[in-house]
Amino acid sequence: MVIYFIRALRAILSIFVEDCSIKQISAAIAIGMMLGLMPKGNLLATAIAIGIFALRVNIGAAFLSAFAFSFAGALTDGIAAGVGGYILEHPSLHSTWQTLYATPFVPWTNFNHVSVMGNLVLGILFCYPIYRISIPIVTYLKPIVTDRLFQYRVFRFLSGADEPAKEEMA
Amino acid sequence: MKNIFRWNYVIPRLVVLTCLLLMLLYFSGPILKWTLIATGKSITTADVNIKEIKTDYLAGHLELIEVRAANPKKTNTDLFRFDKCSLDLNKNALFYKKLVIEKAEITGLQFDVERSKDGNIDDTPLTLLEQQLKKIGERIADQNFLRVIKAFKELSPEELSKQLETIQTANQIAVEWDNRFQNYHGRIEWIKQQGQAIETRIKSKDANVLNRIDQYAQAALEIDQVSNQIALSIKELDQIDELIQIDIQRLDAARKRDEQKIKDLAKLPEFSEQELVQYLLGEEIAEKTLSALSWYQWYQEHQFDVEDLPFYEREVGCIVPLKSAVEEPSGLIKELSIQGSGSHHDQPLEFASVIKNVSPNPESWIHPIACSVRTSGAVNASMHGTIDRRHDQPHTDQFVFSLGQLKQDSKQLGNPSELLLQLSPGMGELQAHLTVTDGKYLSGKVTYYQPNTSIGCAIPQDNPLAFLQPNINQVLSSVNELSFTVNVSGTSENPQVKVDSQFAKELADRLKVATQQQLFALQQHSIQQLNQYAFNQSQEVQSAILGNQQYYMNQVNLHQAQLKQVQQLIASLKDPLRGLFK
């Protein structure tokens, strides 16, 4: 049982060590931002969360980003509500929303809530800029963080990483 | 280029997710059971038990087996229990985030069944409504005919003697004349003593001539003073006739005021039909109203309000309303049929009920909530209710109750220390139309009819109204049915109950006539007594005063004559100077 647990941890940590590029981490931060901004308890948030697991992105970075942007989301909710309200109440889009709402399963997304729509739009708008901004930051920070983590025996043991793997990553 | 999707991750997890969904489909009963029990406990504030839940999501079917909810007010009994509740869900509406129950059926529903263990989980104090309604009986029982009893007591000779102005005036006049005659007596005594003193001095003949001259001169002056006093006394005694007339007028004025007071006292008491019926039936009706309204208030307190639920942890913004593909509101029970059994006076009864269009947001559904209940067996009753919340304001809830063959035990109405009516047992019929506007303002009418009823009356012997008992029994002997109408108004927190009854009207009319006759006789007797008293007092005062007047007049005349004799004596004495110059 213990061995199984350790193996599972190793599998998670191996994502940091082996199969994780700078772009994957940056994309994870961008998608995590979308999840963090989005109010929870609706199908959209669930879909984004499933997307994080399904896409080849860094899960740890995505959820760390979601956690951080949840606090930011509380601050930007006012702006998001304004944006969402403007979009949802725009006369030219009304028929679109109406059609969408009359589609099965779509009402479960709560897209007709101004906060959900606003945060979705803000998330999509800032997704690519965040991705682009994250690339140089991750490029700069990742080796430093990895070096620091590899100084700890526990991390090395749990990740199952060896010296050649570390060099390969660097 | 590597594939963007992590298939080695996705595929196993999709398998796990599918297994989880299948588990949810077939084994979600325990979770749902736990949720329903927790929700039920929070609503009823008492224990809730569910034996089993069967779910078939694909068919949209749900069954609850053997559900029991303890009564929060009587925790050793179940508020209700039922054998089975089956729900047919509209699957299509679920795709559009709507929970629509096409048909629900509850069978084997029972109320007030004893529990094997106490179901108390909360000690809820009496609500404000319950406290208010408990006071209704006391409040309307206070509006009894104590006023009438009081009037009779006030007209009793003992009480009247304390209140009548005539008696007080007569006493006052007697005291005044007593003081006045004491004053006369004092002055006449003074005249008498002065006359005797002068006479003694004159007759003493002092050897010194000069002294005698001084004595005569002094005596002449004193005689003048005494004569003046006599003249004043005679004048005052002559005025007594006028004073007597003034006092008799005072006494007569007081008598007239007293007569009016007695007439007013006899006018005050009236047997109001309204007050009488409330006095007799007040507590009974208050209890029934309490029971009905407390259930309505319970419904109001626990009705599901979707607006009260938190939407998100970050509550900013609002929902933009859009037309759904499904016209039903987000939650709806289209039809709920209930069948159950119970008992009334240990007689079994069965009931069937249909409730339609129950929704947490009724304003978005075209039909109002409608419910109907029919019972058979021990009680033949029906109830139809409409709760219309389709518009913001005003909300109107209407209820029509009809109860036939309602078994009524022998009852005592009224207060044993004042007036008690004993009703024989029988079968009654009750009709009620109640409207509640905005969930608060009550209006409506309740009518009750009980044929083949005999009523007897008892009034304690020490009660001033004991003389009414034959009259009441005479009225009651012709009463062979009991009927009354209760007009309900006010608010659900402070309901007002006004009771009208033909039987009470007849009784009140007869009591009114009887009391008025008795009071009129008492009034006439009192006035007669008063007049007699006033006449006697006048006569007594007049004769006593005139007797005294004559006595004191005689006394004054006597002393005046004596004084004249003294004057003549002085005049007959030789001039003392004559001896001096001899």
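Colleague: Before we dig in, what counts as a disulfide here?

Modeller: A disulfide is a pair of cysteine sulfur atoms within 2.5 Å. Keep in mind that this is a predicted model.

Colleague: Fine by me. So how many disulfides turn up over all chains?

Modeller: Zero, and that comes from a search of the whole structure.

Colleague: Let's look at a couple of cysteines, then. Is B:Cys371 buried or exposed?

Modeller: B:Cys371 is buried, because its relative accessible area is 16%, and the cut-off for buried is under 20%.

Colleague: And B:Cys457, buried or exposed?

Modeller: B:Cys457 has a relative accessibility of 11%, so this cysteine counts as buried too.

Colleague: Good. Switching to chain A: what is in the fold, helices or strands?

Modeller: Chain A has eight helices and zero strands. Its pattern along the sequence reads α-α-α-α-α-α-α-α.

Colleague: What share of chain A is buried?

Modeller: Chain A has 170 residues, and 45% of them count as buried. As for its contacts with a separation of 6 or more, 76% come from residues 24 or more positions apart.

Colleague: I've been staring at A:Asn42. Where does that residue lie?

Modeller: You'll find A:Asn42 in the loop that sits between helix H2 (22-37) and helix H3 (43-54) of chain A.

Colleague: Buried or exposed, that A:Asn42?

Modeller: Buried: the relative accessible area of A:Asn42 is 3%.

Colleague: What does the side chain of A:Asn42 reach, then?

Modeller: Two backbone atoms, for example. The side chain of A:Asn42 comes to 2.8 Å from the backbone oxygen of A:Pro39, and to 3.0 Å from the backbone nitrogen of A:Leu44.

Colleague: How are A:Asn42 and A:Phe111 placed relative to each other?

Modeller: Along the chain they are 69 residues apart, while 8.7 Å separates their C-alpha atoms.

Colleague: Nice. New topic, the interface: how many residues does each chain bring to the contact?

Modeller: Chain A brings 40 residues and chain B brings 24 residues. Between them the two chains bury about 2800 Å², with 57% of that on carbon and sulfur atoms.

Colleague: How many salt bridges and polar contacts go across?

Modeller: The rule finds zero salt bridges across the interface of chain B and chain A. For polar contact, six residue pairs are found there, with both residues at pLDDT 80 or more.

Colleague: Which helices of chain B supply residues to the side that touches chain A?

Modeller: Helix H1 (7-27) and helix H3 (91-95) of chain B each supply at least two.

Colleague: And by class, what is on that side of chain B?

Modeller: The side of chain B touching chain A has 15 nonpolar residues, six charged and three polar.

Technical notes. Residues numbered from 1 in each chain as written. Chains lettered and ligands numbered in written order. Predicted model: local features only at pLDDT ≥ 70, side-chain atom pairs only at ≥ 80, totals over all residues. Heavy atoms only, no water. Contact = heavy atoms within 4.5 Å. Buried area = accessible area lost by both parts, 1.4 Å probe. Salt bridge = Lys/Arg side-chain N within 4 Å of Asp/Glu carboxyl O. Polar contact = N/O pair within 3.5 Å; in protein donor to acceptor, adjacent residues only side chain to side chain. Helix = DSSP H or I, 4+ residues; strand = E, 2+ residues; numbered from the N terminus. Nonpolar A, V, L, I, M, F, W, Y, C, P; charged D, E, K, R; others polar. Buried < 20%, exposed > 50% of the residue type's maximum accessible area, 1.4 Å probe, protein only.
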